[in-house]
Amino acid sequence: MNARLPPHTITKMVDEQAHEFRVATAAYRGPEVFAQEMEQIFYKTWIYLCHESEIAKPGDFKSTQIGTRPVIVTRGREGGIHALLNACTHRGATICREEKGNTRAFVCPYHGWSFRTSGELIGIPDDARYPEGFNKSDKNLKSVPRVAAYGGLVFGSFNPDVEPLETFLGGAKQHIDLWLKRTAGSTYRVATSHKYGFDGNWKFQAENVYDGYHPGFVHRSAFNTVRKFEGSFENRELHAAVRQQGYTRGYPEGHGTLEAGAPLESGGIDPAVRDAYNTQLKTLYGEDGAAEVLTNRQFLIFPNLTIFDFNIRVIQPIAHDRTEVYSYPLMIDGAHDEINANRMLDAQTRVGTAGILSADDIDVFAGGQNALRTEAFEWITLSRGLGKEEVKPDGERVGVYSDEAPQRAFWRKWRALMAAAA
Amino acid sequence: MIHPVQKLILREAQLLDDMQLDDWLALYTDDATYWVPIDETADPLKESSIIYDNRLRLAMRVEQIMRQNRVAQNPGSNTLRMVSNIDIEDIDAQTASARFALLLTEVRSGDWRQKGLGETRLFPGHCKLVCKKVGDTWKIQQKTIVLLSRKQPIVGLSFLL
Ligand code: FES
Ligand SMILES: [Fe+2]
């Protein structure tokens with residue numbers, strides 16, 4: 001283990017004054033900060049594991065990570081969700097080598113110990129050679145101590161004393177509830193994830209998802225293209241470099257949103273099909289309720305889960321200078337095929353591996369990592385909208401679309417967790 | 001005699017390598033589909049792909065790269081396509097299918113010392129085509145590129161495969 005950076009060093013990295021909110025570039029740099037982020041953030045708070053639809057049936061499993069620790073999420077025979085360390089309790093071989101699947105049991109490839117999907121040890125080949133009194137009961141696969149779900153989103157925590165999931169979600173809960181309403185009374189099913197990687201720090205992607213200041217620049221090429229191809233995307237305010245409509249929000253729990261203040265749907269869907277869906281929403285939630293549900297909204301649940309209208313994006317830290325992103329298109333169970341095909345192509349064409357938007361963001365992240373080599377460059381500034389945002393009694397801060405309100409919420413939370421007692 | 005579809009395959013590779021993307025797009029029929037699957041056995045409208053484009057979305061990609069100066073192609077990619085194991089099957093006088101192996105090598109230009117640039121990336125894959133004779137010319141109606149690395153994270157694809 002690396003030596004821990006003391007609280008005063010961490011605290012100084014996020015410098016908040018009345019006229020300036022700045023973050024030390026050291027907070028993005030090097031293996032020491034990264035190791036501490038794993039310990040103090042990824043192993044202390046709730047981390048997203050999967051969507052319930054990925055492990056719908058008993059025996060379903062998915063291999064994933066909490067921080068850099070390999071974890072298997074499973075559906076047990078009895079229907080419960082388990083999160084297990086992907087390490088055999090015999091001599092530590094990796095138990096599960098698949099990304100996902102369904103099985104009755106995990107059989108270790110090394111010496112054949114077998115475990116139920118709940119983690120329970122069920123077989124040791126030739127177990128007569130173990131000594132009298134050998135304890136099998138502590139040889140089950142190790143569990144992640146806490147697992148909980150909200151709105152189909154499954155989280156795990158290595159911290160047995162972690163706060164209740166709903167307390168952790170705080171201000172993000174209402175946005176999850178709104179997002180769920182898009183299913184018009186049904187449920188989401190996630191499709192296979194689009195995956196991309198970049199040689200850069202994970203926080204570059206975290207800060208980017210609710211950055212309403214960058215689209216007119218990084219994505220100008222995409223917007224100009226969309227403008228040339230009439231009807232490919234609707235409702236875009238494509239003429240202003242900096243969008244004037246919409247909001248950003250930051251919450252004391254570290255979460256934040258970017259809300260366009262209008263739907264940002266793509267074209268190419270049969271108007272009758274779209275109308276039927278919209279009518280269904282109006283019947284369920286009323287005229288205003290339906291409009292609110294359809295408003296484009298993306299939010300980050302601290303530290304690394306992003307929810308968009310059409311997809312769930314998981315930001316997976318691999319190392320201080322390496323990140324992977326898994327973007328899962330969200331299908332609505334039972335919706336018209338055209339609605340789902342449209343959601344699929346939207347998530348794919350915009351923000352998939354070959355997205356007309358995301359590939360350009362990724363290039364900026366690699367550039368950001370490159371700039372970190374200049375250690376003489378000490379601070380970046382996140383002051384946009386500071387002091388101009390509305391601060392609500394519960395600590396929610398509301399800014400305009402291009403403000404850096406959600407990024408500041410992220411860094412306040414980052415500082416609090418990183419400087420907390422181990 | 002060289003099959004005209006073989007010439008089409010080589011011409012496509014050349015146009016892509018030479019960044020003549022408008023001419024490349026003209027090799028495709030109006031009803032063309034261009035598919036880079038993650039699961040090549042799945043329905044691309046129900047399961048995720050890396051790319052599943054119709055002619056319109058392909059034209060948008062060409063526009064974004066050629067005339068809109070997209071960030072991730074600035075500086076741009078240099079590519080080399082090695083095409084081999086070509087196997088062409090005539091279906092009827094107007095239709096043929098083809099399979100071939102592709103080894104695409106890509107290098108971004110610019111300041112090679114910087115993160116994201118200066119790396120040589122390989123994209124090996126199996127390609128399938130369905131070609132149509134439109135008038136006197138053979139065009140591509142369906143193209144599928146099954147990348148070997150399709151199930152893993154790939155750096156953002158900002159150029160055409
Ligand atoms: S390490 Fe798994 S059975 Fe020996
Ligand atoms: Fe972006």
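In what order do the elements of chain B run from the N terminus on? In this predicted model, the order is α-α-β-β-α-β-β-β-β, which adds up to three helices and six strands. The C-alpha trace of chain B spans about 50 × 30 × 30 Å along its principal axes. Its radius of gyration is 16 Å, and that agrees with the value near 15 Å for a compact globule of 161 residues. Buried residues make up 48% of chain B, and 58% of the contacts with a separation of 6 or more link residues at least 24 positions apart.

Now for the charges. Chain B carries 21 positive and 21 negative side chains, with the centres of the two sets 4 Å apart. Side chains of opposite charge can pair when their charged atoms come close, and over all chains the structure holds 36 salt bridges.

One of these pairs sits in chain A, where Asp309(A) meets Arg182(A) at 3.2 Å, N to O. Each partner lies in a loop, so the pair ties together parts that are 127 residues apart in sequence. Asp309(A) is buried at 5% relative accessible area, and Arg182(A) is buried at 2%.

In chain B, Lys143(B) and Glu12(B) form a salt bridge, their closest N and O atoms being 3.0 Å apart. Lys143(B) belongs to strand E6 and Glu12(B) to helix H1, so this bridge joins parts 131 residues apart in sequence. Both Lys143(B), at 4%, and Glu12(B), at 2%, are buried. Arg150(B) pairs with Glu40(B), also through a salt bridge of 3.0 Å, N to O. Here Arg150(B) is buried at 18%, while Glu40(B), at 32%, counts as partly exposed.

Definitions and conventions. Residues numbered from 1 in each chain as written. Chains lettered and ligands numbered in written order. Predicted model: local features only at pLDDT ≥ 70, side-chain atom pairs only at ≥ 80, totals over all residues. Heavy atoms only, no water. Helix = DSSP H or I, 4+ residues; strand = E, 2+ residues; numbered from the N terminus. Rg over C-alpha atoms; globule rule 2.2 N^0.38 Å. Buried < 20%, exposed > 50% of the residue type's maximum accessible area, 1.4 Å probe, protein only. Contact = heavy atoms within 4.5 Å. Lys, Arg positive; Asp, Glu negative; His and termini not counted. Charge placed at Lys NZ, Arg CZ, Asp CG, Glu CD. Salt bridge = Lys/Arg side-chain N within 4 Å of Asp/Glu carboxyl O.
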